[in-house]
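Q: Please take one sheet of this model and go through it closely, strand by strand. Then relate it to other parts of the fold that can be described in the same terms.

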Amino acid sequence: MTRKHRMARLAVLALALLPLAGLAAPRHGISMYGEPALPPDFVSLPYANPGAPKGGTIVFGEVGGFDSLNPYILKGRAPYALQAHVFETLMARNWDEPFALYGLIAESIDVPEDRSSVEFTLRANARFSDGSPITPEDVIWSMETLAEEGLPRYSNSWAKVERIEKVGARGIRFVFNTPDAELPLLIGLRPILSKADWEGLDFAQSSLRVPVGSGPYEIGAFEPGRFITLERNPDYWGADLPYNRGLNNFDRIRIDYYVDGGVLFQAFAAGEVSVYRELNPARWRAEYNFAAVSAGEIIKSEIPHGRPSGMEGFVFNTRRPIFADRRVRDALLHAFNYEFISQTVNGGPMPRRTSYFANSELGMGQGPAEGRTRDLLAPFAADLAPDALDAYALPISDGSARNRRNMRVAASELKAAGWTVRDGVLVNAEGAPFRFEILLSGAQSEVAAGLFRDSLRQLGIDARITLIDQAQYNERKNDYDYDMIVNTWNMTLSPGNEQMLYWGRAGVTTPGTRNYPGIDSPAAEAMIAAMLATRDPGEFTAAVQALDRVLTTGRYVIPFWFADRSFVAHDAALHYPERLPVYGDWIGWLPEVWWRD
């Protein structure tokens, strides 16, 4: 819907309206299921230290660079830290609950029992960094602009908004046209931008113009491709809110950019970077013996978490004819010698991502589908994998390099799909060889890709590994211009509308979604719709388990390993509260609740 049409439907009320029938009293927070855990008079987040000292600098390192300061559009690359520290949302998340929000720019939220609408009342003292007040007009403009010119994730759920109403001087009401219990929370998490700051500018055009935000930090000195500095705003309007007590403790956040992960690690070991999240368990075990660790200047912290495993692995682009056949994908899944590759890469045993929501009650488990989960899948049984409703488990090898049993299965599957070996080359009925490219953006997955390629050679498959820079990689990912890539989908304990961005059929052709496999599954969309339509915890769990089955048995990804804890090495002068959120080392924890001596 265009801005013109949307504005034609916008009801702007000059006087405060009486609440709609069915609206409850305004609340300080909202939870996806049940009541928010924190009371209206909460003092701080449970994992924050209200007495944490303020001051100092924390330096992060990232691979790549940036060429934009607008993190909400497809064009350009903007530092992620801008979303977390420069801009704000109406509500803010407590990462110690599956999905609960508390007032930030908005002082209250009001929803009817059926969640067919939501009303926010803005705080009277909410301000942008230039001192101008945050108004309903800013909220309306932000919502419209993000939906029409921003990232695809903002437009996906916006079609469910029937109209917006300005309510009095500080209120905004959104009325929905589709049942979706998550929508009030999603609206609460949209960034609020200054309408005046963007007057006369093309929002969708990448730019290095410094934007006005309302968050605790402002953009300071920067040099594209090298570094960016965020300076704590001494006049930040929200510094004394209960939600912010114990947060935003550093005077300065600096992000330095490096050409690759090896150089970044060397910079950390030399003391140029304050914190390093280690993703390689083998290096965590074997390579943290440099001088700064031995001297106690760097601390190794292992942060446990209770979030789902998510999914990471080699992603089949099913838009390519070579990977359209599920039997072919299953063959390559068998050819991937997980036990041997994981041991080689990680230097020790690591749990595998057995499904997208493993490590939580939302996972499909190892047995057959039962009860409500089976009922939800039954109408789609003919279009699903034969084992989607049965017990399913990933292939397991004997741990040796040969992987003979699984390689025999792989060869049989390829033959059934019409591929045969001629003169050592796997070809189809037309004589075309089985050849594809594994596209990588860094060396992190190069060893696993090399071992996988060697296994595929035994089947007559020519897999080529191509390493390109991050900018090219992001562009090709957005356009789905690849045969196979490595990708990670992080999952939460309360999945919702983002699942449509990940797996929705529109993503087969629409650029910029996260449906990298090109999944075109009515069953997946139906399970997502069932998740969104219910507020019953049992029904929700059944729908997510059903979605997990559709995705896992669809063989769209060859799963890697995962860690049930995060490995974080940091300057010994940095500290974090003893109480950890359920999500562990996640968004909203580092650097938000950390401080420096």
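**A four-stranded sheet and other parts of the fold**

A: In this predicted model, F60 stands opposite I255 of strand β14. That pair belongs to the pairing of strand β3 (residues 57-63) with β14, which is parallel and extends over 7 bridges. I255 also has a counterpart in another strand, since I228 stands opposite I255 in β14. This second pairing is between strand β13 (residues 227-232) and β14, which run antiparallel and are joined by 5 bridges. β14 itself covers residues 252-258, and 5 of its 7 residues are buried, so the strand is mostly covered.

The next step across the sheet goes from β13 to β12. These two strands run antiparallel and are joined by 5 bridges. One of the residue pairs here is E218 with E231, the latter being the bridge partner in β13. Taken together, the strands form an open sheet of 4 strands in the order β3-β14-β13-β12, and the pairing is mixed. Which strands stand at the edges? They are β3 and β12 (217-223); each has a single partner strand, so one side of each is left without a neighbour in the sheet. From one strand to the next, the twist averages 20 degrees. Helix α6 (residues 261-269) packs on this sheet and touches β3 and β14. The direction of α6 makes about 160 degrees with that of β3.

A second sheet can be described in the same way. It is open, has 5 strands in the order β21-β20-β22-β17-β23, and its pairing is mixed as well. Its edge strands are β21 (462-467) and β23 (557-559), each of which pairs on one side only. The twist in this sheet averages 35 degrees from one strand to the next. Within it, strand β20 (residues 435-440) pairs with strand β22 (residues 484-489) in the parallel sense, over 2 bridges. I438 stands opposite M484 in β22.

The loop that follows β22 leads to α15 (498-503), and T492 is found in that loop. Is T492 buried or exposed? Its relative accessible area is 14%, and T492 is therefore buried, the limit being under 20%. The side chain of T492 reaches the backbone nitrogen of S494 at 3.1 Å. Leaving aside residues up to four places away in sequence, T492 touches R93, P308, F357, L362, Y583 and W586.

Two helix pairs come next. The axes of helix α16 (residues 522-533) and helix α17 (residues 537-553) come within 8 Å and cross at roughly 160 degrees. Because angles over 145 degrees count as roughly antiparallel, this is how α16 stands to α17. The crossing of α16 past α17 is left-handed. On the α16 side the contact is made by A523, A524, M527, I528, A530 and M531, and on the α17 side by F540, A543, V544, A546, L547 and V550.

In the other pair, the axes of helix α10 (residues 338-346) and helix α13 (residues 446-457) come within 10 Å and cross at roughly 150 degrees. Here α10 passes α13 in a right-handed crossing. F340, I341, T344 and V345 of α10 make the contact with V447, A448, L451 and F452 of α13.

Finally, two residues link a strand and a helix elsewhere in the chain. L122 is found in strand β8 (residues 117-122), and V139 lies in helix α3 (residues 136-149). L122 has a relative accessibility of 1% and so counts as buried. V139, at 0% relative accessibility, counts as buried too. Which residues does L122 touch, not counting those up to four places away in sequence? They are L90, I105, A106, E107, I134, T135, P136, V139, R170 and I172. With the same exclusion, V139 touches L90, L122, I172, F174 and I192. L90 and I172 therefore appear in the contact lists of both L122 and V139. Two distances place these residues relative to other parts of the chain. The C-alpha atoms of L122 and D387 are separated by 51 Å, the two residues being 265 residues apart along the chain. For V139 and T534, which are 395 residues apart along the chain, the C-alpha separation is 28 Å.

How values were computed:
Residues are numbered from 1 along each chain as its sequence is written. This is a predicted model: local features need pLDDT of at least 70, side-chain atom pairs count only at pLDDT 80 or more; totals for chains, interfaces and linings use all residues. Side-chain values use heavy atoms; hydrogens and water are left out. Two strands pair if DSSP finds at least two bridges between them. Axes are lines fitted to C-alpha atoms, for helices over the stretch in contact, and angles run from 0 to 180 degrees between N-to-C directions. Buried means under 20% relative accessible area, exposed over 50%, partly exposed in between (1.4 Å probe, protein chains only). A polar contact is a pair of N or O atoms within 3.5 Å; within protein, one must be able to donate a hydrogen and the other to accept it, and residues adjacent in sequence count only if both atoms are side-chain atoms. Contact means heavy atoms within 4.5 Å. Angles under 35 degrees count as roughly parallel, over 145 as roughly antiparallel, 65 to 115 as roughly perpendicular and the rest as oblique. A crossing is left-handed if the near helix is turned anticlockwise from the far one by less than a right angle, and right-handed if clockwise.
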